[in-house]
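Me: I'm new to this structure and would like a close look at its charged side-chain pairs, and then at whatever they leave untold about the packing. Please take me through it slowly, in one connected answer.

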Amino acid sequence: MVTYSTIIRKFDQQGEKTGWTYIEVPIDLAEKLNPGNKKSFRVKGKLDEYKITGVALIPMGGGKFILPLNAAMRKGTHKKKGAMIKVQMEVDKALLRASPEFLACLDDEPKAKVFFEKLSTAHRNYYIKWLSGVKTEAAVTKRIVQAINALSKELDFVGMYHSLKEAREKNKF
């Protein structure tokens with residue numbers, strides 16, 4: 001387990017990460033967590049007193065990683081850009097499991113299922129986390145439909161995300 005304090009940051013212009021709120025994980029601490037690793041990996045622990053599990057550290061080059069802070073994390077910590085936050089984390093070795101509803105829909109769409117199974121574990125996990133990020137039945141159903149449609153078009157998670165973003169911007173008045 002590593003423990004440190006850091007400042008919450010936000011990307012202004014950073015490609016697909018533009019607008020993301022995040023914390024940095026220094027090289028020495030990333031090396032303590034997962035020695036020799038340069039790829040994304042999952043961690044668990046606490047941000048102040050807010051518990052986190054199964055969240056991905058994203059490599060930024062040179063051995064440095066970031067931990068994106070989603071809306072639930074920001075709300076749970078009651079903190080935003082510029083605030084100091086205490087971080088406690090360790091590698092999370094638990095596997096993410098897709099919901100039975102999503103798996104059933106994949107069974108009904110063989111092309112989507114084949115593509116999903118070809119994706120790297122990280123990209124399958126992005127889909128699984130995104131699908132579990134909503135609570136209402138209507139929202140879950142909507143996301144499953146969006147995921148199945150994207151996978152049928154052989155879009156990885158980033159491709160699906162950009163496709164959905166473009167569609168939303170196109171439909172703005």
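Reply: Let's begin with Glu49, which has a relative accessibility of 63% and therefore counts as exposed, the cut-off for that word being over 50%. Please keep in mind that this is a predicted model. The partner of Glu49 is Lys46: the two form a salt bridge, with 3.5 Å between the closest N and O atoms. Lys46 has a relative accessibility of 25%, so this residue is partly exposed. Elsewhere, salt bridges with shared partners bring Arg9, Glu24 and Lys64 together in one network.

In total, the structure has five salt bridges. In the network, Glu24 pairs with Arg9, and their closest N and O atoms are 3.7 Å apart. This pair links distant parts of the chain, since Glu24 sits in strand β3 (residues 21-25) and Arg9 in strand β2 (residues 9-10), 15 residues apart. Arg9 is partly exposed at 35% relative accessible area, and Glu24 is partly exposed too, at 24%. Glu24 also meets the side chain of Lys64 in a salt bridge, at 3.7 Å from N to O. Because Lys64 belongs to strand β6 (residues 64-68) and Glu24 to strand β3, this pair ties together parts that are 40 residues apart in sequence. Lys64, with a relative accessible area of 31%, is partly exposed. As a general point, side chains of opposite charge can pair when their charged atoms come close.

Now for the packing, seen from helix α7. This helix covers residues 157-170, 14 residues in all, and spans 20 Å from its first C-alpha to its last, close to the expected 20 Å. At its start, a side-chain oxygen of Asp156 comes within 3.2 Å of the backbone nitrogen of Val158. Phe157, Met160 and Leu164 are buried in α7. Looking down the helix axis, the buried residues fall within an arc of 65 degrees, so they line one face. That fits a general pattern: an α-helix has 3.6 residues a turn, so residues three or four places apart point the same way. On the face turned away from the buried side you'll find the exposed residues Glu166 and Lys170. The buried residues themselves pack against α5 (121-131) and α6 (137-152).

Aromatic rings add to this picture, and the structure holds eight aromatic pairs. In one of them, the ring centres of Tyr127 and Phe157 are 5.5 Å apart and the planes stand at 85 degrees, so the pair is edge-to-face. It links distant parts of the chain, with Tyr127 in helix α5 and Phe157 in helix α7, 30 residues apart. Tyr127 is buried, at 0% relative accessibility, and Phe157 counts as buried at 14%. Phe157 also forms an edge-to-face pair with Trp130, at 6.1 Å centre to centre and 70 degrees between the planes. Here, too, distant parts of the chain are linked: Trp130 is in helix α5 and Phe157 in helix α7, 27 residues apart. Trp130 and Phe157 are both buried. To finish, ring pairs join Phe102, Phe116, Tyr126, Tyr127, Trp130, Phe157 and Tyr161 into a cluster.

Key: Residues numbered from 1 in each chain as written. Predicted model: local features only at pLDDT ≥ 70, side-chain atom pairs only at ≥ 80, totals over all residues. Heavy atoms only, no water. Salt bridge = Lys/Arg side-chain N within 4 Å of Asp/Glu carboxyl O. Helix = DSSP H or I, 4+ residues; strand = E, 2+ residues; numbered from the N terminus. Buried < 20%, exposed > 50% of the residue type's maximum accessible area, 1.4 Å probe, protein only. Expected span 1.5 Å × (residues − 1). Arc of directions from axis to C-beta. Contact = heavy atoms within 4.5 Å. Polar contact = N/O pair within 3.5 Å; in protein donor to acceptor, adjacent residues only side chain to side chain. Phe/Tyr/Trp six-rings, centres within 6.5 Å; stacked < 30°, edge-to-face > 60°.
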